[in-house]
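Student: I have a structure open and do not know where to start. Can you walk me through how to read it?

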Amino acid sequence: MSGSVLIADDHPLFRQALRLAVERIIPGTRMIEAGTLATAAAAAASAQDLRLILLDLKMPGAVGYSGIALLHAECPKVPILVVSSAGTEAAAEARAFGAVGFLHKGCDLGTIEQAIARALNHDAPVEQPLGDRPMDQVRKTVAGFTPMQLKVLLAVLDGQLNKQIAHRLDISEATVKVHMTAIMRKLDVRTRTQAALVARSLGIDSQG
């Protein structure tokens, strides 16, 4: 009876990170993914066992808080947890439109997992101000990356596989793996997804 969870975000890499968080809280749940608001609304309307919606505010088809309003209208009893890069001032507005809580994408996976657990119980997550996170040290770490490490990380943010990265940067796949190992060690993470999540939380995104 694990039900399903709708993940609405136009970045495939971040959807992957959210899948990881959901799987750790409710193993075996069915994931429904949407990259546009229209797709998310259609999925929400047709799902019979939806337990939670994870929503990014800034996705194709959404204007302001329209995504929350639309999905809340489709599924008024399903908690909506906004996980967005919007400023924390958006939290109150998000709740006003029907969200149970708001988290910045700069949150670490542990914080996101805790928020998901609380949202499943229709409890508002405990929101952690951006200024309280030890992000300055992470910024210093990223600033110390070699140019090639940064290029590899940006390619990962684009969703490219090792073979594609190697071709793009004119290096071998083995060299890509060496750089990824160094990146993950420096950021103190275990997966490519987690490395990209940290990078995006710092505003490092090849799409500008």
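**Reading the fold step by step**

Tutor: We begin with ring pairs, and the structure holds zero aromatic pairs. Keep in mind that this is a predicted model.

Student: How is a pair of aromatic rings described in general?

Tutor: By the distance of the centres and the angle of the planes. A ring can also meet a charge. Here the charged end of Lys105 sits over the ring of Phe14, 4.5 Å from its centre.

Student: How many helices and strands are in the protein chain?

Tutor: The protein chain has ten helices and five strands. It counts 208 residues, and 49% of them are buried. The exposed surface comes to about 10,200 Å². Carbon and sulfur atoms supply 53% of that surface.

Student: In what order do the strands of the sheet lie?

Tutor: Read across the sheet, not along the chain. The order is β2-β1-β3-β4-β5. The sheet is open, has five strands and pairs in the parallel sense.

Student: Why is one side of β2 and of β5 left without a neighbour in the sheet?

Tutor: Both strands stand at the edges. β2 (30-34) and β5 (101-104) each have a single partner strand, so one side of each has no neighbour in the sheet. As for twist, neighbouring strands of this sheet are turned by 20° against each other on average, direction ignored.

Student: Which residue stands opposite Leu81 in β4?

Tutor: Leu54 does. For the wider setting, look at the two strands β3 (residues 50-55) and β4 (residues 80-84). They are joined in the parallel sense over three bridges.

Student: Where do side chains point in a regular strand?

Tutor: The general idea is that they alternate between the two faces of the sheet. Now take β4. Ile80, Val82 and Ser84 point one way, while Leu81 and Val83 point the other way. All of these residues are buried.

Student: Why is β4 described as largely enclosed by the rest of the structure?

Tutor: Count its buried residues. Five of the five in β4 are buried, so the rest of the structure largely encloses this strand.

Student: Which strands does α5 lie across?

Tutor: Helix α5 lies across β3, β4 and β5. It runs at about 140° to β3. Gly110 belongs to this helix, which covers residues 109-120. At 32% relative accessibility, Gly110 is partly exposed.

Student: How do I spot parts of the chain that meet again after a long stretch of sequence?

Tutor: Compare separation in sequence with separation in space. Gly110 and Ala21 are 89 residues apart in sequence, yet their C-alpha atoms are 7.9 Å apart. Gly159 and Pro12 are 147 residues apart along the chain, with 7.5 Å between their C-alpha atoms. Gly159 is in the loop between α7 (147-157) and α8 (162-169), and it is partly exposed at 47%. For the whole chain, take contacts between residues at least 6 apart in sequence: 67% of them join residues at least 24 apart.

Student: What sign does phi have in most residues other than glycine?

Tutor: Negative, as a general rule. Asp170 departs from that pattern, with a positive phi of about 60°. Asp188 also has a positive phi of about 60°, although it is not a glycine.

Student: Where are Asp170 and Asp188 found?

Tutor: In loops. Asp170 is in the loop between α8 and α9 (173-187). Asp188 is in the loop between α9 and α10 (192-201).

Student: Are these two buried or exposed?

Tutor: The cut-off for exposed is over 50%. Asp170 has 70% relative accessibility, so it counts as exposed. Asp188 is exposed too, at 70%.

How values were computed:
Residues are numbered from 1 along each chain as its sequence is written. This is a predicted model: local features need pLDDT of at least 70, side-chain atom pairs count only at pLDDT 80 or more; totals for chains, interfaces and linings use all residues. Side-chain values use heavy atoms; hydrogens and water are left out. Helices (H or I, at least four residues) and strands (E, at least two) are DSSP runs, numbered from the N terminus. Buried means under 20% relative accessible area, exposed over 50%, partly exposed in between (1.4 Å probe, protein chains only). Contact means heavy atoms within 4.5 Å. Accessible areas come from the Shrake-Rupley method with a 1.4 Å probe; for residues, only the protein chains shown count as cover. Rings of Phe, Tyr and Trp (its six-membered ring) pair if their centres lie within 6.5 Å; planes under 30 degrees apart count as stacked, over 60 as edge-to-face and the rest as tilted. A charge sits over a ring if NZ of Lys or CZ of Arg is within 6 Å of the ring centre and within 35 degrees of the ring normal. Two strands pair if DSSP finds at least two bridges between them. Axes are lines fitted to C-alpha atoms, for helices over the stretch in contact, and angles run from 0 to 180 degrees between N-to-C directions.
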